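This briefing is intended for a reader meeting the structure for the first time. Please keep the sequence and the model in view while reading.

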Amino acid sequence: MPGLKDVKNKIEGVSKTSQITKAMNMVASAKLRGAQERMETFRPYAEKFAEAMKDLSGGTNSNQPLLEVRDVQTVELIVVTSDRGLCGSFNAHIISKAQKLINQFEVEGKEVSLITVGNKAAQAFRRSGKIRESYKDIMSTFKMFNARAISQSATLNFLSGETDEVRVVYARFLSMAKQRPTEETLLPIKPLEQEKGAKTGTAVEYIYEPDPEQIMEALLPLHLNVQVYHAMIEVAAGEHAARMAAMDNATNACGDIIKELTQLYNKARQAAITGDLMDIVGGAEH
Amino acid sequence: MAQIHLEVVTPHGQIVNEDVDIVTAPGVEGEFGVLAHHAPFLSAIKTGTLVFKQDKREKFLMVSSGFAEVSNNKVTVLVETAEFGHDIDVNRALRAKERAEERLAQAQAHAEDLDRIRAEVALQRAVARITVAQRTSL
């Protein structure tokens, strides 16, 4: 039977931990609200952008260098994770998804290079020797120019022929409880298929200035920014949701442990009292 | 006067959403003005000043690269950044301008393509910010 004092100390310790996890949960939920707001404000932009791209790609024949499909020898992965840990298996899932892709590409005899976004991805792949560039401590700032730097770097590498394909690995924010690791092909850009059916018939004839081909050329790099930025805000929202869930679990677990320990403490105390009584009774009989 | 609806959308939210008399935007092929009931039109936008007039009051907006779409008596401008003059930190823009000019001079000496382009873009943005800030305060 452990000593009374030990058990009491342990209960105190655990309850302090639970205070911390509770606080972290609340902080994460506040941050999640901010991140979700950002997703909301970004959505109209992304949607309108996709619409315009669709309109444009209908009218152009793709001899844009960014649409060029090559025989794939080298692949670049942009792995987007959070900067901080303590959010359950959120980052681990993204990283294992990326690792699986790397393994798959290597089996196929392709060379893989990495751009890591977020501290956790950089840590995970530090020893692999594949990291070409890594961006750290930028997940909390939500600046479009961060995304711009990343997509520019990937684009230049693609255009110079260093890489034949660029993919982005991130976690899609599906709901509070669910974030799914996803990979998307960034480059070459797939020409967006016009939806078959009546929709094209109603489309208005636009006056283009300059011609669609040139607008496309101006918009494609922006389109990449949009996609990278999108991945980043999805991960940011996912991170906070995952942390909320993890901290909620931790707080509950603390509660359970405290309950068990309290029982243990009461038992120990009772045993001590009983022992004392026996002594007193035993002493009185003599 | 017949009005046209103007919407300016950036990744960080909607900046403008109102009915205006006229919109003048910096297209890549030169400035263009849009009045009410304009024909459907799509143009790429470069960094510069977007002007819109409302009740004889002109408002200036610094915009960076993106595009504008005109259809159904509505102008939708999608740009990466859009800032009103009073939101612009002029001193910061001036510093950015100096930095960009410095970088441009260095880059030209070494003829490095990427750095030059980046510096040029940064310079354009800084100049656009300063212009907008000045025109707003006039």
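The points below treat the backbone first and then the two domains of chain B.

The model is predicted. In chain B, the domain assignment gives domain 1 (4–85) and domain 2 (88–136), and the two bury about 940 Å² between them. Unusual backbone geometry is noted in both chains, including a cis peptide bond in chain A and a positive phi at Lys56(B).

**Backbone geometry**

- Most residues other than glycine have a negative phi, and most peptide bonds are trans.
- The peptide bond that joins Leu187(A) to Pro188(A) is cis, and its omega lies near -10°.
- Pro188(A) belongs to the loop of chain A between strand S5 (178–187) and helix H5 (199–202).
- Lys56(B), which is not a glycine, has a positive phi near 65°.
- The loop that holds Lys56(B) runs between strand S6 (48–54) and strand S7 (57–63) of chain B.
- Lys56(B) counts as exposed because its relative accessibility is 77%, where the cut-off is over 50%.
- Asn73(B) is another residue other than glycine with a positive phi, here about 55°.
- Asn73(B) lies in the loop of chain B between strand S8 (66–71) and strand S9 (74–79).
- With a relative accessible area of 22%, Asn73(B) is partly exposed.

**Extent of the domain interface in chain B**

- Taken over C-alpha atoms, the centres of domain 1 and domain 2 of chain B are separated by 23 Å.
- On the domain 1 side, eleven residues are in contact with ten residues of domain 2 of chain B.
- The size of an interface is often given as the accessible area lost when the parts come together.
- For domain 1 and domain 2 of chain B that area is about 940 Å², with 63% of it on carbon and sulfur atoms.
- Phe60(B), Met62(B) and Gly85(B) supply 53% of the area that domain 1 of chain B buries against domain 2, more than any other three residues.

**Contacts and composition of the interface**

- One salt bridge is counted between domain 1 and domain 2 of chain B.
- Arg129(B) and Glu83(B) form a salt bridge, in which the closest N and O atoms are 2.8 Å apart.
- Two residue pairs are in polar contact across the interface of the two domains of chain B.
- On the side of domain 1 of chain B that touches domain 2, S6, S7 and strand S10 (82–84) each supply at least two residues.
- The residues of that side of domain 1 of chain B comprise five nonpolar, five polar and one charged.

Technical notes:
Residues are numbered from 1 along each chain as its sequence is written. Chains are lettered from A and ligands numbered from 1 in the order in which they are written. This is a predicted model: local features need pLDDT of at least 70, side-chain atom pairs count only at pLDDT 80 or more; totals for chains, interfaces and linings use all residues. Side-chain values use heavy atoms; hydrogens and water are left out. Helices (H or I, at least four residues) and strands (E, at least two) are DSSP runs, numbered from the N terminus. Buried means under 20% relative accessible area, exposed over 50%, partly exposed in between (1.4 Å probe, protein chains only). Domain bounds come from an automatic or database domain assignment. Contact means heavy atoms within 4.5 Å. Buried area is the accessible area (1.4 Å probe) that two parts lose on being put together, summed over both. A salt bridge is a side-chain nitrogen of Lys or Arg within 4 Å of a carboxyl oxygen of Asp or Glu. A polar contact is a pair of N or O atoms within 3.5 Å; within protein, one must be able to donate a hydrogen and the other to accept it, and residues adjacent in sequence count only if both atoms are side-chain atoms. Ala, Val, Leu, Ile, Met, Phe, Trp, Tyr, Cys and Pro count as nonpolar, Asp, Glu, Lys and Arg as charged, and the others, Gly among them, as polar.
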